[in-house]
Amino acid sequence: MAKRVHQPREDAEFDFILGMSEVPVLAYFTGTWPKAIEPCRAMDLVVGGIADEYTGRLTAVRTAITRCPAATERYGITGAPSYVLLKEGEAVAHGMGPMTTAEVREFLDGHL
């Protein structure tokens, strides 16, 4: 995982990162159940690369569903991996499932 990807340990830390970000936030939600582990690990590389590529334009946050249940509920996350693009704390786009780097770029570029 890239150093530019924040990994909050609880909802308060997730909310703090959102509040401090001066740019849109890509919240990437991960799961630890067996069917989610491999897709989420694969997305770690994609999101890490995106975080590096979009430095200064985007804050990336890897959010474990079990560690941030309030954020998970707030943004209607029902599976992993899932993505929410947030501007000033408001969701402007949702995505779910494994994506290629090109697909994540397309997901972001329409909203940044």
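In the predicted model, the buried residues of helix α2 are Ala-36, Cys-40, Met-43, Asp-44, Val-46, Val-47, Gly-48, Ile-50 and Ala-51. The elements that cover these buried positions include the strands β1 (5-6), β2 (25-30), β3 (59-64) and β4 (82-87), together with helix α4 (101-109). Helix α2 itself comprises 20 residues, from 34 to 53, and its span of 30 Å from the first C-alpha to the last is close to the 28 Å expected at 1.5 Å a residue.

Helix α2 also carries charged side chains that take part in salt bridges, of which a search of the whole structure finds six. One of these joins Glu-38 to Arg-41, with the closest N and O atoms 3.3 Å apart. Because the two residues are three places apart in helix α2, Glu-38 and Arg-41 are separated by about one helical turn. An α-helix has 3.6 residues a turn, so residues three or four places apart point the same way. Both Glu-38 and Arg-41 are exposed. A further salt bridge is formed between the side chains of Arg-105 and Glu-53, at 2.8 Å from N to O. Since Arg-105 belongs to helix α4 and Glu-53 to helix α2, this pair ties together parts that are 52 residues apart in sequence. Arg-105 is partly exposed, with a relative accessible area of 30%, and Glu-53 likewise counts as partly exposed, at 41%. Helix α4 is thus found both among the elements that cover the buried residues of α2 and, through Arg-105, in a salt bridge with Glu-53 of that helix.

Another of the salt bridges connects Asp-15 with Arg-74, the closest N and O atoms being 3.0 Å apart. Asp-15 lies in helix α1 and Arg-74 in helix α3, so that the pair ties together parts that are 59 residues apart in sequence. Asp-15 is partly exposed, with a relative accessible area of 34%, and the corresponding value for Arg-74, which is also partly exposed, is 42%.

Helix α1 contributes to an aromatic arrangement as well. Four aromatic pairs are found in a search of the whole structure, and one of them is formed by Phe-14 and Phe-29, whose rings are tilted at 45° between the planes and lie 6.2 Å apart, centre to centre. Because Phe-14 is located in helix α1 (residues 11-20) and Phe-29 in strand β2, the pair ties together parts that are 15 residues apart in sequence. Both phenylalanines, Phe-14 and Phe-29, are buried. Ring pairs further link Phe-14 and Phe-29 with Tyr-75 into a cluster.

The loop between α1 and β2 contains Ser-21 and also Val-23. Ser-21 has a relative accessibility of 19% and therefore counts as buried, the cut-off for this class being under 20%. The side chain of Ser-21 makes a polar contact with the side chain of Thr-59, at 2.9 Å. Val-23, by comparison, counts as partly exposed, at 26% relative accessibility. When its neighbours within four places in sequence are left aside, Val-23 is in contact with Gly-56, Arg-57, Leu-58 and Thr-59. Of these residues, Arg-57 is 34 residues away from Val-23 in sequence, whereas the C-alpha atoms of the two are 5.8 Å apart in space. Thr-59 is accordingly a partner both of Ser-21, through the polar contact between side chains, and of Val-23, among the contacts of that residue.

Two features of the backbone geometry were also noted. Most residues other than glycine have a negative phi, and most peptide bonds are trans. The peptide bond from Ala-80 to Pro-81, however, is cis, with omega near 0°, and Pro-81 is placed in the loop between α3 (69-74) and β4. Glu-88, although it is not a glycine, has a positive phi of about 50°. This residue is found in the loop between β4 and β5 (90-96), where Glu-88 is exposed, with a relative accessible area of 83%. Strand β4 is therefore preceded by the loop that holds Pro-81 and followed by the loop that holds Glu-88, and β4 is also one of the elements that cover the buried residues of helix α2.

Terms used:
Residues numbered from 1 in each chain as written. Predicted model: local features only at pLDDT ≥ 70, side-chain atom pairs only at ≥ 80, totals over all residues. Heavy atoms only, no water. Helix = DSSP H or I, 4+ residues; strand = E, 2+ residues; numbered from the N terminus. Expected span 1.5 Å × (residues − 1). Buried < 20%, exposed > 50% of the residue type's maximum accessible area, 1.4 Å probe, protein only. Contact = heavy atoms within 4.5 Å. Phe/Tyr/Trp six-rings, centres within 6.5 Å; stacked < 30°, edge-to-face > 60°. Polar contact = N/O pair within 3.5 Å; in protein donor to acceptor, adjacent residues only side chain to side chain. Salt bridge = Lys/Arg side-chain N within 4 Å of Asp/Glu carboxyl O.
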